[in-house]
Amino acid sequence: MLADALAFLADGSNWVGPTGILVRLWQHLGYSALAVLIGAVLAIPVGLLIGHTGRGEGFVVGIANTVRALPSLGLMTLLVLLMGTGLLPPIIALVALAIPPLLAGAYSGVSNVDRATVDAARSFGMTENQVLMRVEVPNAAPLLVGGVRGATLQVVSTATIAAFVNLGGLGRYIFDGLAVRDYGRVMVGALLVTLLALALDALLARAVRASRPGAGLNRVRDSRVLAEIDRRAQV
Amino acid sequence: MSDLWAVRNIDVVLELLREHIYLSLVPTVLGLLLALPIGLAVREHRRARALVVTGAAIAFTIPSLALLVIVPAIIGTSIIDPINLVIALTVYSVSLQVRTVLESLDAVSPQVLEAATAVGFSGTKRTVLVDLPLTIPVLAAGTRVVAVTNVALVSVGAVLGVGALGELFTRGYQRDYPEQILTGIVMIMLLAAVYDRAIALIGRALTPWTRADGGGRRRMARLAKQTGLGQLEEDVDAR
């Protein structure tokens, strides 16, 4: 089984063409990106607002608990029967999976920002909007990106099941293989989707680290600024 | 009522429910039973601990359907053997629980442990009588998450023919019968809700000291009397 799978992967002709690995990989990434993007547009503003105002925390917990129990395969098959085949039903099911981690990341990121920092920002005369966008969001970045990481992992894993309702993606190898009892091909799908999940997770773990305030892209590099900070912030 | 698919096919639904309970409960229990000794064994060793935490994170990253296919290839079972599902879900459960065990052990206050050592608890005795009971609230919360996740994940096995209630999804999909699928979704979410409440209640029952109700206070009073502290308290009160 494993040997068959490795032989399949080693054969360059299996990587190209309209049903080749590269196309399946691209489809898988496409569905996942679309679902995480829609989920982010829906969930992140709500999460930021809940974190900023401190109102509606029960809502975040409630959504997370409900969706954790929601079987994606059931939601996908039900939506296909009700709405017909196409991209929409699986994408809706994937968006449902992406929302709780994104919501929780945005909410916990903002609500965990040091209250003294937020109060200091207000005392400078920042408007609520400025407090949120210039103080809370940058400080919440690691947890916010962590939410994107969690959502991506869930969605990439579950997008495999989307092939059951006649979509493309890496799940195709698993379902096509099962249909003709070609377990080598099933293994190809399992290995590829595992590698993709591990690679994306490692990449996003780096993004979480890079998003820490004062790290990565946000790092202050100008030595004069650093010296000035040291001079003013002597303890 | 009798028009409902679930009512007309109650035998099928109950049989699938029984199977679903077995397939979700066994990994949840095994996950906890395996994670506890692993967590306790590595918590004082930085290298082993880092290794276990990383391994758990990687295991949890493997997509469920992929793991369901990889497990039989490794242990040599048939791809439609339910044991694959039990093993795959146990792997996830252990991965999630090991972190919970380590975090909950870290959260036990050092003062409490010093006090326990000071009154004569040592080694294993302290671990069993002091450390572990104090981790119960966090562990119960972790176990709730794991149990609910397992209930939902069992249904993924349906695409391989071993998904218990999840088979209502594949069968309903093939027959173009939405009500059958809806039955499966509702049953799974109900089962998850039952697990969630049940584990929360067990966690509460095991930690009487976390609430100041009559039961806990009575127990404390009895303990105080047994240890002779009750007399001391009365003396203090009298003064």
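Is A:Arg149 buried, partly exposed or exposed? In this predicted model, A:Arg149 has a relative accessibility of 29% and therefore counts as partly exposed, since that class lies between the limits of 20% and 50%. The side chain of A:Arg149 forms a salt bridge with A:Asp201, in which the closest N and O atoms are 2.9 Å apart. This pair links distant parts of chain A, with A:Asp201 in helix α9 and A:Arg149 in helix α7, 52 residues apart. The acidic partner, A:Asp201, counts as buried because its relative accessibility is 13%, which is under the 20% limit.

Helix α7 of chain A, which spans residues 128-159, departs from a straight course. The end C-alpha atoms of this 32-residue helix are only 39 Å apart, whereas a straight helix would reach 46 Å at 1.5 Å a residue. A kink of about 60° is located at A:Ala141 in α7(A), shortly before the proline A:Pro142. By contrast, helix α3 of chain B (residues 46-61) has a span close to expectation: its 16 residues reach 23 Å from the first C-alpha to the last, against an expected 22 Å.

The largest nonpolar core of the model comprises 104 residues, and A:Leu48 and A:Leu94 have the most contacts inside it. Helix α5 of chain A (residues 88-111) gives the most to this core, contributing 12 residues. When residues up to four places away in sequence are not counted, A:Leu94 touches A:Tyr31, A:Ala35, A:Met76, A:Val155, A:Thr158 and A:Ala159. A second core, separate from the largest one, consists of eight residues, among them B:Val98, B:Val101, B:Leu102 and B:Leu139.

The contact between the two chains takes 34 residues from chain A and 32 residues from chain B. About 2800 Å² is buried between chain A and chain B, and carbon and sulfur atoms give 84% of this area. On the side of chain A, the residues that lose the most area to chain B are A:Arg68, A:Pro71 and A:Leu81, which together account for 20% of what that side buries. The rule finds zero salt bridges across the interface of chain A and chain B. Over all chains, the count by this rule comes to 16 salt bridges.

The secondary structure of chain B consists of 11 helices and zero strands. Of its 239 residues, 44% count as buried. Among contacts in chain B between residues at least 6 apart in sequence, 70% join residues at least 24 apart.

Two buried residues of chain B illustrate its internal packing. B:Leu85 is found in helix α5 of chain B (residues 82-107) and is buried, with a relative accessible area of 2%. Apart from neighbours within four places in sequence, B:Leu85 is in contact with B:Leu23, B:Leu68, B:Val154, B:Gly157 and B:Val162. One of these partners, B:Gly157, is 72 residues from B:Leu85 in sequence, with a C-alpha to C-alpha distance of 6.8 Å. B:Asn150, placed in helix α7 of chain B (residues 123-154), counts as buried at 2% relative accessibility. With neighbours within four places again left aside, the contacts of B:Asn150 are B:Ser24, B:Pro27, B:Thr28, B:Leu89 and B:Ser93.

In helix α3 of chain B, the buried residues are B:Ala56, B:Ala59 and B:Thr61. The elements that cover them include α7 and α9 (183-210) of chain A, together with α5 of chain B. Helix α3 of chain B also holds B:Arg49, whose side chain meets that of B:Asp106 in a salt bridge with an N to O distance of 2.7 Å. The pair joins distant parts of the chain, as B:Asp106 lies in helix α5 of chain B and the two residues are 57 apart. Both partners are partly exposed, B:Arg49 with a relative accessible area of 22% and B:Asp106 with a relative accessibility of 46%.

A further salt bridge in chain B is formed by B:Arg126 and B:Asp131, with the closest N and O atoms 3.3 Å apart. B:Arg126 is buried, with a relative accessible area of 18%, and B:Asp131 is buried at 0%. Salt bridges with shared partners join B:Arg126 and B:Asp131 to B:Arg43 and B:Glu44 in one network.

Conventions
Residues numbered from 1 in each chain as written. Chains lettered and ligands numbered in written order. Predicted model: local features only at pLDDT ≥ 70, side-chain atom pairs only at ≥ 80, totals over all residues. Heavy atoms only, no water. Helix = DSSP H or I, 4+ residues; strand = E, 2+ residues; numbered from the N terminus. Expected span 1.5 Å × (residues − 1). Bend = angle between axes of the 7 residues up to and from the residue. Core = buried A, V, L, I, M, F, W, Y, C linked by side-chain atoms within 4.5 Å. Buried < 20%, exposed > 50% of the residue type's maximum accessible area, 1.4 Å probe, protein only. Contact = heavy atoms within 4.5 Å. Buried area = accessible area lost by both parts, 1.4 Å probe. Salt bridge = Lys/Arg side-chain N within 4 Å of Asp/Glu carboxyl O.
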